[in-house]
Amino acid sequence: MKFMRSVNVAAAASSTITAPKSLDVKNEGSVRNVAATLAYDAMSYYKGNLSAADSVQMGDLQDPYYWWTAGALWGAMLDYYHLTKDSTYNDVVIQALLAPTNLGALHAYMPPEHAFEEGNDDLFFWGSAAIAAAERNFPQPNTTLPSWLDMGANVFNQLAGRWSTQNCGGGLLWQIYASNPNGLTYKNSVSNGGFFQIAARMARATGNDTYLDWAEKIWDWSMDIGFIDHESYHVYDGASIDTNCTKTSPASFTYTSGIYLYGAAIMANYTKKPEWKQRTEQLLDGAGWFFNSPNATAKNVMFEGACETVGRCNADMTTFKGYLARFMWQSTQMVPSLRSKVESLLIPSARAAASTCTGGPTGRACGQKWYIGEFDNLPGLGQEMCALETIQGLLIDGAAPPLEAKDIKTVRDVNWSAQASYAPKPVQTTTKRGVAEDAQPTNSAGARPILEMGPLVVVGLGMVLATWGLA
């Protein structure tokens, strides 16, 4: 969407934090200020950086949120900086993504400290954040560690190494370790969709057709096995190897649709093949049912159909809508023809999300059920993240698209005021095939490094306000 630019951010801002319920989706200043508020409130749930640099808590979240949610949070905060240019949280994000207890000795987000809770889907969220950092030339200041893109290659290698044709003709299991057997007989769409998206993004970011071949193979398998419905393009949850994946679970969640959607959009942009554009459009259509809320007056408002109406959303599920919003917005940069439909769904959802942010001790905590139009007494980190991703995505027109191979660099400078020199102007992305200059799909590993950064604390509200000229 195009914003009215007659009022600049500083002039429009008040001296206090912006109430999300005041969101004006047509005013860039309002969107930025609301996003700043939501980012601050989301980060208030993070306490890990109060620990020592080698602590298992570094970069992780407290219960009831699993380690994978922390990786997803850092992806959301990378989006926040990319869309708003507010660098307030960047050092915390870097510290979390490079912490030894998250990155692991193989530099592949396979740390033994989190082995008891890590599955292949968890690996996607941490790897996705590293790849997003590479696609934006986000600084990686530690010279003893690989580049973000090489970390993405390491994550890809981990996933590729676990692809198994022993059951179901291929695919990844949900879980990794025998010590966590709950998902060792289940192949799920979030793990395989995540692998598909990572392969597609690595193909575009390197120009290496090995990744492209993998993306096409994962897509074909997902279709053949029935994870993606051939008619409706709904994305289903998964299937058990006990039946050789012949009985697909009909459960459907917002985030799996978003993960496959963005992978297909990347493929459409990178290959220029019309079938990928068509698949992207069909996946967006297939996700449309998530916007048919149970409240007839809340038209085109996103809801988590599998759990919200029956009050059974766990902590994981409260975060899912944010990922669909993230990947819908980002897909419009890869396939611009999606813009009108995406806006018709996410603009009403952004308004609805903001209208629920009136609760809790602060008077601005966001609720879970956007379709009821008010705070529902269900606050949490997931609720803040979902509102943040949906609302900050309104700024997508002013953000550069993901870089391709020829433009990706390893940036070490964390002087945030100087970062503009690394960021291309937000123009329509090209689709010329890149030349592989960096990350290759090889099994590289290194010794566990000692981080050169000390513990940081979440910055105070004053820095948030000052960044936007509100203090």
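Here are some short exercises, with worked solutions, on the pockets, rings and disulfides of this predicted model.

**Exercise 1. Find the residues closest to the centre of the largest pocket, and say which elements give two or more residues to its lining.**

Start with the space itself: the largest pocket has a volume of about 480 Å³. Its lining is made of 21 residues, and those closest to the centre are W68, D121, W174, Y255 and D316. Next, look at the elements. Two or more lining residues come from each of α6 (120–135) and β1 (186–188), and α6 has the largest share with three residues. Finally, sort the lining by class: 10 residues are nonpolar, six are polar and five are charged.

**Exercise 2. Work out how many cavities of 30 Å³ or more the structure has, and describe the lining of the largest cavity.**

A search of the whole structure gives three such cavities. The largest cavity holds about 190 Å³ of space. Of its 22 lining residues, D79, H82, R136, R326 and Q330 are the closest to the centre. The elements α3 (67–84), α6 and α12 (320–334) each give two or more residues to this lining, with α12 giving the largest share, six residues. By class, the lining of the largest cavity has 10 nonpolar, six polar and six charged residues.

Now try the second largest cavity, with a volume of about 60 Å³. It has 13 lining residues, and S147, W148, L149, K409 and T410 lie nearest its centre. Here α6 and α7 (148–161) are the elements that give two or more residues. Seven residues of this lining are nonpolar, four are polar and two are charged.

**Exercise 3. Decide whether the rings of W163 and W214 are stacked or edge-to-face, and locate both residues.**

First, the geometry: the ring centres of W163 and W214 are 5.7 Å apart and the planes meet at 85 degrees, so the pair is edge-to-face. Second, the location: W163 is in the loop between α7 and β1, while W214 is in helix α9 (residues 209–225), so the pair ties together parts 51 residues apart in sequence. Third, the surroundings: both W163 and W214 are buried.

This pair belongs to a total of 36 aromatic pairs in the structure. Elsewhere, W68, F124, F125, F253, Y255, F320 and Y323 form one aromatic cluster. Charged side chains meet rings too: the charged end of K321 sits over the ring of W370, 3.9 Å from its centre, and R326 lies over the face of F327, at 5.6 Å from the ring centre.

**Exercise 4. List the disulfides, and explain why C386 has no bond to C366.**

Step one is the count: there are three disulfides. Step two is to take each in turn.

- C168 and C245 are joined with an S to S distance of 2.0 Å. This link is right-handed, with 75 degrees about the S-S bond. It connects the loop between α7 and β1 with the loop between β2 (238–240) and β3 (248–249), 77 residues apart.
- C307 and C313 are joined at 1.9 Å. The torsion about their S-S bond is about 85 degrees, so this disulfide is right-handed.
- C357 and C366 have their sulfur atoms 2.0 Å apart. With a torsion of about 100 degrees, this disulfide is right-handed as well.

Step three is the pattern: with the bonded cysteines numbered in sequence order, the pairing is 1-2, 3-4, 5-6.

That leaves C386. Its closest cysteine sulfur is in C366, 9.5 Å away, which is too far for a bond. With a relative accessible area of 1%, C386 is buried.

Terms used
Residues are numbered from 1 along each chain as its sequence is written. This is a predicted model: local features need pLDDT of at least 70, side-chain atom pairs count only at pLDDT 80 or more; totals for chains, interfaces and linings use all residues. Side-chain values use heavy atoms; hydrogens and water are left out. On a 1 Å grid over the protein atoms alone, a cavity is a set of points where a 1.4 Å probe fits but cannot get out, and a pocket is an open set with protein on both sides within 12 Å along at least five of seven lines; lining residues have an atom within 4 Å of a point. Grid points are joined across faces, edges and corners, and a volume is the space filled by probe spheres set on the points. Helices (H or I, at least four residues) and strands (E, at least two) are DSSP runs, numbered from the N terminus. Ala, Val, Leu, Ile, Met, Phe, Trp, Tyr, Cys and Pro count as nonpolar, Asp, Glu, Lys and Arg as charged, and the others, Gly among them, as polar. Rings of Phe, Tyr and Trp (its six-membered ring) pair if their centres lie within 6.5 Å; planes under 30 degrees apart count as stacked, over 60 as edge-to-face and the rest as tilted. Buried means under 20% relative accessible area, exposed over 50%, partly exposed in between (1.4 Å probe, protein chains only). A charge sits over a ring if NZ of Lys or CZ of Arg is within 6 Å of the ring centre and within 35 degrees of the ring normal. A disulfide is a pair of cysteine sulfur atoms within 2.5 Å.
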